[in-house]
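Here's a friendly walk through one protein model, meant for someone meeting it for the very first time. Have a look at the picture, then read on.

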Amino acid sequence: MAEADQHTPNDPGFGWPPADEEIHAALEAAYASGDWGRYHGAFTTALTARLAEMHGGEHAFLCSSGTVAVELALRGLKIGAGDEVILAGYDFSGNFRAIESVGATPVLVDINPHNWCLTAETIEGGLSDRTRAVIVSHLHGGIAPMPAIHSLAVSRGVSIIDDACQSPGAVVAGRPAGTWGDVGVLSFGGSKLLTAGRGGALLIQRAEVLQRIKVYCERGNHAFPLSELQAAVLPPQIEKLAARNRKRRDNAQWLIEQCRPFPFLCPLENPPDAGEPVFYKLPWLFESERLGGLSREAFVTAMRAEGAPLDVGFHGFTRRPASRCRKAGKLEHSARAAKATVLLHHPILLRPREDLEVVVAALASVHRDQTGRA
Ligand SMILES: *Cc1c(COP(=O)(O)O)cnc(C)c1O
């Protein structure tokens, strides 16, 4: 089974994005205005302003994907050959490739085993004289401890790329996710909580970083753009984001509590006062040894057979060869996350309780089968 995006937007029954009359109206408005064929216009201008406002007035810059946004962030910070960039041993695969694509070296550091995110301590263990930046993702409902990471980064002259691709609208220690970095990154990919089918954005604090990114993208036209047509569908979703995030969060909390009695699932736990998480995926660590040694893949298959659409997590980077990266420490929690993460994809978190109860019933059934057999 492949990585965390098995539920691709191409799957029938993927259930995302939901039918939405306001999006239909926005597409009709783009059509009626004639702007849908243009590169820049009212829709991209309005979206840029809305994203800046939502993130406390930083510069926003639209682009073609979250993956490209991470690469542009690195370029905007003038990171290149000879530089090191720290990232988690367990993260979205494109982040590793973005570092390689600017010629820098990825440095892997470990995650907090309870919330799938980096910590200031693990980042500190990866610093060297060559460290220029750290990519911090708020993954799977986890919230990275940004105040501590921010003080460390400032004291060591290291830039932060705050990857909020999985967590638009999350509150991280009192501030919107994406605003703790020199550059923040958003994705509007087809499976993401805000979707334009594809697309991304950067939130940029310093004007000179924005300028460098604009110059890099300018090839007679913006070479990595988000189009007017894509921009038209995002504002209606931004208006609904907070309410949907709240519903997903309530349902995630409900599922975490209902699943707590199952000894083979280790739930997400953010540090107290971390903030308000957002759920693109709801994760657990699957402890095979507590379910008669059943493999994770067999567990996921059994859950799916019971109607619970469980996926597996990212592969992570802990097995990448030393020729491609530097590994700081043993990365044991990242390796475990890569081997043991199971996930529910977000569309289920907007569904009625009965659909969530199917997941709990499936767990009970698989548990019964396994213990009966043991
Ligand atoms: C999806 C994702 C990205 C990349 O976004 P795309 O728009 O799919 O390229 C980057 N980081 C994280 C954590 C993601 O989940």
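## Around the ligand

The shell of residues around the ligand splits into three nonpolar, seven polar and three charged. Keep in mind as you look that this is a predicted model. In total, 13 residues surround the ligand, and the closest of them are G66, T67, D163, S187 and K192.

Which atoms of the protein sit opposite the ligand's oxygen and nitrogen atoms? For G66, it's the backbone that does the job: a polar backbone atom there is 2.8 Å from an oxygen atom of the ligand. With D163, a polar side-chain atom lies 2.7 Å from a nitrogen atom of the ligand. Q166 also joins in through its side chain, with a polar atom 3.1 Å from a ligand oxygen. And how much of the ligand does the protein cover? Taken on its own, the ligand has 380 Å² of accessible area, and the protein covers 95% of that.

## Two domains

Zoom out and you'll find the protein divided into domain 1, residues 21–237, and domain 2, residues 241–371. Their C-alpha centres lie 25 Å apart. The two domains are in contact, with 45 residues from domain 1 and 41 residues from domain 2 taking part.

## A look at L285

Now pick out L285, which you'll find in strand β12, spanning residues 281–286. Is L285 buried or exposed? Its relative accessibility is 3%, so it counts as buried, the cut-off being under 20%.

What does L285 touch, once residues up to four places away in sequence are set aside? The list runs to P113, W116, F264, L265, C266, R336, A337, A340 and T341. Take W116 from that list: it's 169 residues away from L285 in sequence, yet the two C-alpha atoms are 9.9 Å apart in space.

## The start of the chain and R244

Head over to the segment before α1 (21–33), where P17 lies. The peptide bond leading from W16 to P17 is cis, with omega near -5°.

W16 turns up again when you look at R244, a residue of helix α9, which covers residues 234–259. Leaving out neighbours within four places in sequence, R244 is in contact with W16, P18, D20 and L350. R244 has a relative accessibility of 16%, so it counts as buried, again because the cut-off is under 20%.

## Two residues with positive phi

Two more spots deserve a glance, both of them in loops. A173 has phi near 45°, a positive value in a residue other than glycine. You'll find A173 in the loop between β6 (171–172) and β7 (175–176). Its relative accessible area is 32%, so A173 is partly exposed.

Then there's L331, which is not a glycine either and has a positive phi, near 60°. L331 sits in the loop between β14 (326–327) and α11 (332–340). Is L331 buried or exposed? With a relative accessible area of 3%, L331 is buried.

Definitions and conventions. Residues are numbered from 1 along each chain as its sequence is written. This is a predicted model: local features need pLDDT of at least 70, side-chain atom pairs count only at pLDDT 80 or more; totals for chains, interfaces and linings use all residues. Side-chain values use heavy atoms; hydrogens and water are left out. Helices (H or I, at least four residues) and strands (E, at least two) are DSSP runs, numbered from the N terminus. Buried means under 20% relative accessible area, exposed over 50%, partly exposed in between (1.4 Å probe, protein chains only). Contact means heavy atoms within 4.5 Å. A residue is near a molecule or strand if one of its heavy atoms lies within 4 Å of it. A polar contact is a pair of N or O atoms within 3.5 Å; within protein, one must be able to donate a hydrogen and the other to accept it, and residues adjacent in sequence count only if both atoms are side-chain atoms. Accessible areas come from the Shrake-Rupley method with a 1.4 Å probe; for residues, only the protein chains shown count as cover. Ala, Val, Leu, Ile, Met, Phe, Trp, Tyr, Cys and Pro count as nonpolar, Asp, Glu, Lys and Arg as charged, and the others, Gly among them, as polar. Domain bounds come from an automatic or database domain assignment.
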